[in-house]
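Thank you all for coming; I would like to walk you through one structure this morning, slowly enough that every term is explained as we meet it. Please look at the sequence and the model while I talk.

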Amino acid sequence: RMAALLHDAGNAAGQGGFGGVFGSKNLKAISVLGTGGVTIADPKALMDARMWSMQYAVAGHEEDYIALNTGSMFSKNPGHGATSRPAGQPIGPEGCLGCHKSCRLRWASGASNGSQCVDYMFYNTYDAAKHGEQTQEILDAAEMVQRSGLNNFELAQALPWLEALNKMGIVGPGKTIDTDLPFDELGEASFVKALIDKILNKKDIGAYLHDGLARGAVQLGRYDEDTKTGILPIQEWGYPHHYDARTEVEWGYGSLMGDRDINEHDFNGLVFWSPSIAALYGTEVGATAAELAEIMGEKLSPYNDPMMLDYSDEGINSDTMAKLVSWHLHYTRNYKQSLAFCDWGWSDLYNPYGPNGRGLTGEGEPKFFNAVTGGNLTFEEGMEIGRKIWNLDRAIWVLQGRHRDMEVFTDYNYEVGAVPGYTNYEMPYVMPVHENGEWSYKSVAGRKLDRDKVEDWKTKFFTLEGWDTKTGWPTRATLDELGLGHVADELESNDKLGE
């Protein structure tokens, strides 16, 4: 169940257990060689769009590139000016065909080439703690996980959980949970090798982790207690904690309303990383909180409300946060999940290289889509297609048994305050807030979610989506408006249609 699908050399941070689905069918791989091509409706318009977009990209801005500036994912790539060099080895960029961004990395040692982010960072804190700096051990450990086909993200949260249980005297040789894992080697690639071997071969504790972190914890009798204290940071739906629902709430709410860790970075770099990194290093953020809210408010059509960027204690449970989550889910259902716009590139809301900080979004998406297809789609029409897909998704989950009563975070989100560095890679929780009539960047560390307020927010969100607030089920009026009358018929025939 921990198995990921791997593409290329370094993509084992994929969640969802799809490798487990392959394995259950005795399917090792799917390989395709295409013999056709893609016909472009207007090649000149596509090239014009490409050249226009380059004005917003890092390429051509090397001299005025500001590493810690607030910037869009489109203009700041992880490979540009990378300084993290384990064992002193140089890094080169790697990217998809034709992309200016090249966000993945190639290491001189050849180990874990193509890896990025949690692909190798899942082990960086342990390596640094053991050796005083990052070394080749993190890349060797990542390479082992990539070759095994396991999900690095599950291991990223399994490691601190197992370490905590070991220090509590619960996990170890002859302990309540008996295992001979070499905890004295934590920080060496050899520990990861031992853990992988146990998972793949169902040895002692690996027999439980083989079924995934959540199910393994249930079988070990640790799930309820450890998700209450937070030493097992599983946030919702059995997925390991990614970005914190107590702080970057649009990520948490989007995951809770959906079917998995949302893992879409449209706001992440703007509202969390840039202000948090600036606070950590004492630098200035490229845009003030008020400027960011104004620019993004212009871009977030059809709502166009700057208050959607309010991450204050009041703002996170507001109607405007419901709008932000709704916008995110509608945008990504069409432009990313259906049309395959790159998550690291889009949406492009604030961009330091764009005119007055304005990014490509709103103009860029239809510019590319129409050049390729010959259509005349507007940005808002694309958002409405996303809303239609989102409602279809919801209807499918409802037929599978989905109800608003199921949509709750695990206990630690309500009972333990968010701590900077809570997971092994997070920065201080500095976010844009609107308080006492003023915008600012402020630390929201220590915040807990309130169960009643989360329930109230869900009601606001369901009202905005046009769903039954008691169940969270789509209504006939909403589905008919979207041309999904047949979906309403199916829900009604199963007694699952919202009032």
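**A walk from one helix to the core**

Let me begin just after helix α15, where Gly-374 takes a positive phi of about 80°; helices here are DSSP runs of H or I with at least four residues, strands are runs of E with at least two, and both are numbered from the N terminus. Before going further, I should say that this is a predicted model, in which local features need pLDDT of at least 70 and side-chain atom pairs count only at pLDDT 80 or more, while totals for chains, interfaces and linings use all residues. Residues are numbered from 1 along each chain as its sequence is written, and side-chain values use heavy atoms, with hydrogens and water left out.

Helix α15 itself covers residues 364–373, and its buried residues are Gly-364, Glu-365, Pro-366, Phe-368, Asn-370 and Ala-371. By buried I mean under 20% relative accessible area, with exposed being over 50% and partly exposed in between, using a 1.4 Å probe and protein chains only. Among the elements that cover these buried residues are α2, α14 and α16, where contact means heavy atoms within 4.5 Å.

Those three helices also appear in the largest nonpolar core, which has 59 residues, and in which Phe-267, Leu-300, Tyr-311, Trp-327 and Phe-461 touch the most other members. At least two residues of this core come from each of several elements, including α2, α14, α16 and the strand β7, and the largest share, eight residues, is from α14. A nonpolar core, to be precise, is a set of buried Ala, Val, Leu, Ile, Met, Phe, Trp, Tyr and Cys residues joined through side-chain atoms within 4.5 Å. There is also a second, separate core of 46 residues, which includes Met-2, Leu-105, Leu-155 and Leu-209.

Which residues does Ser-301 touch, if we do not count those up to four places away in sequence? They are Trp-327, Phe-379, Glu-380 and Met-383. Ser-301 is in the loop between α13 and α14, and it counts as buried because its relative accessibility is 8%. The peptide bond from Ser-301 to Pro-302 is cis, with omega near 15°, and Pro-302 lies in that loop between α13 and α14 as well. Another cis peptide bond joins Trp-346 and Ser-347, with omega about -5°, and Ser-347 lies in the loop between α14 and α15. Both Pro-302 and Ser-347 are among the contacts of Trp-327, leaving aside its neighbours within four places in sequence.

These bonds deserve a pause, since most residues other than glycine have a negative phi, and most peptide bonds are trans. Ala-340, in the loop between α14 and α15, has a positive phi near 65°, and it counts as exposed because its relative accessibility is 62%. Trp-237, in the loop between β5 and β6, has a positive phi near 60°, and its 31% relative accessibility is why it counts as partly exposed.

Finally, please turn to β7, residues 430–435, and β8, residues 438–443, which pair in the antiparallel sense over six bridges; two strands pair if DSSP finds at least two bridges between them. Val-433 stands opposite Ser-440 in β8. The two strands form a hairpin with two residues between them, and Asn-436 in the turn has a positive phi of about 55°.
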